[in-house]
Amino acid sequence: MDLADLADLAPPAHLRELFATDPQRAERYVAHAGDLRIDFSKHRIDDGVLDALVELARDRGVEARRDAMFAGERINVAEDRAVGHVALRMPSGSEFRIDGDDVVPDVHDVLDRMGAFADRVRADDRITHVVNIGIGGSDLGPAMAYEALQAFRHPRIRCSFVSNVDGADIAGVLADADPASTLFVVASKTFGTIETLTNARTARAWLVDALGDAAVAEHFVAVSTNAERVAEFGIDTVNMFGFWDWVGGRYSVDSAIGLALMIAIGPAAFREFLDGFHQVDEHFRTAPLPENAPVLLALLGVWYTNGLGFATKAVLPYAQELARFPAYLQQLDMESNGKSVRLDGSRVDHDTGPIVWGEPGTNGQHAFYQLIHQGTHVVPVDLIGFAKAHHPYQQHHDLLIANLIAQSEALAFGRRNEDEPHRNFDGDRPNTVILAEQLTPSVLGQLIALYEHIVHVQGTIWGVNSYDQWGVELGKELANQVTPELTGGVDALRPDAHDASTNALIGWYRAHR
């Protein structure tokens, strides 16, 4: 079975007919991973398609590459690195070897140091505001999780997240901050990321202007591996928390990158967060392919991308706390599998990662659901919801979940209306419903791990390296070249280095800045 064969599979009948002819479908097409109940019965599949997809997974080496990752092998071939994010959430006493060394003790040493520091901050009444300065995975992960776990936050401490080099981002945070009660967490592996360091220097100048140079060591900590640069900045390296090159940024929220989150929710809740990841890791590692939730969901995505030609996927959480979750998954999925080159360097001859997008329900229903229901593009969707809310407004929550269930039904089955074509709903719009009892630290970890492993499986099937991101490099390199041309004298201009449009843009900005 190969990817090209998917286009030759006969698409199943309309979902109305599939449910009418198979009364057990709603029971058979349900998977479980940890506390997650995953209903994939409303997808354009039947047993024949599903069997072919599982065969494809076997033929493309999904089991072998999964096992290689858990064995600490260097499956990130472009950078010659192991892929060890699953080690970040292994219990103490577990073993994960990279180049012969068990890294789990090092992971727990950092976690213990983070926990001790977080406890000190939480006990210090002077600190009421934590500002995380990072970008990409050093921002999206902790920012998303902080929002998602608002019910578990410390009552005194709020967190802000600064990522954009646009000065409006940090200006808005500093305008609402008190230097004496603010702690900055600067998250940069090399301590050289230009956006992060630009924001960090602005924050440092703001603090020093109010409290003096000596305050830097008391109000700044670093998540980094570059002790020399951290010390040059003025941060005490005792307050530097490291991570490793076998952890990609978009897979790092459960590492020291999550320090601000740990301060907010506490070390015990953070450990629950890690335990949730590990539950799904173990399910992915051990469950047979036909029962393996990440594998099944990944195969559905491959079927739509390569078999039916659906180019996008929407993630629609019916939980306001998960408002940043679609954006987080955008980076996880699109930076991982948005590739056109195989592991061996050859060009792919098939589509790879989908365009991932979404917003929370019910807001999205009054925005883009029109296209999902009646548009010409078929958009497979994931609907995520919870049986219990963290707020006291039960009527609100009942209405919210009624909308989730209703949308799943409406997308799948539609409504015939031949007399008024504009009110006709074709249905047959595929959707997954992921439910859990309540959004807790553990359940959030489970959700993230589920999608991480979906990405891994799809990258394996497409033959791409899900763990590098060379596509982000060129624009950054060119920005470093353009910056002095915008701010320097006439002798800084390099018209021969650019095209006519770029030179015109530089000229316009210089004239108007």
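The lining of the largest cavity in this predicted model draws at least two residues from each of four elements, namely the helices α14 (293-308) and α18 (441-462) and the strands β10 (312-317) and β12 (381-386). Among these contributors, α14 provides the largest share of the lining, with 5 residues. The space enclosed by the largest cavity amounts to about 200 Å³, and its lining comprises 17 residues, of which Leu297, Leu300, Gly301, Lys313 and Pro380 are the closest to its centre. When the lining of the largest cavity is divided by class, 8 residues are nonpolar, 6 are polar and 3 are charged.

The second largest cavity holds about 60 Å³ of space, and its lining consists of Lys313, Val315, Leu329, Leu332, Asp333, Val356, Tyr451, Ile454 and Val455. At least two of these residues are supplied by each of β10, α15 (325-337) and α18. By class, the lining of the second largest cavity contains 7 nonpolar and 2 charged residues, with no polar residue present.

Taken together, the two linings can be related through particular residues and elements. Lys313 is among the residues closest to the centre of the largest cavity and also appears in the lining of the second largest cavity. Likewise, β10 and α18 each contribute at least two residues to the lining of the largest cavity, and each of them supplies at least two residues to that of the second largest cavity. In total, the predicted model contains 3 cavities of 30 Å³ or more.

Notes
Residues numbered from 1 in each chain as written. Predicted model: local features only at pLDDT ≥ 70, side-chain atom pairs only at ≥ 80, totals over all residues. Heavy atoms only, no water. 1 Å grid on protein atoms, 1.4 Å probe; cavity = no way out; pocket = protein on both sides within 12 Å on 5 of 7 lines; lining within 4 Å. Points joined across faces, edges and corners; volume = space filled by probe spheres on them. Nonpolar A, V, L, I, M, F, W, Y, C, P; charged D, E, K, R; others polar.
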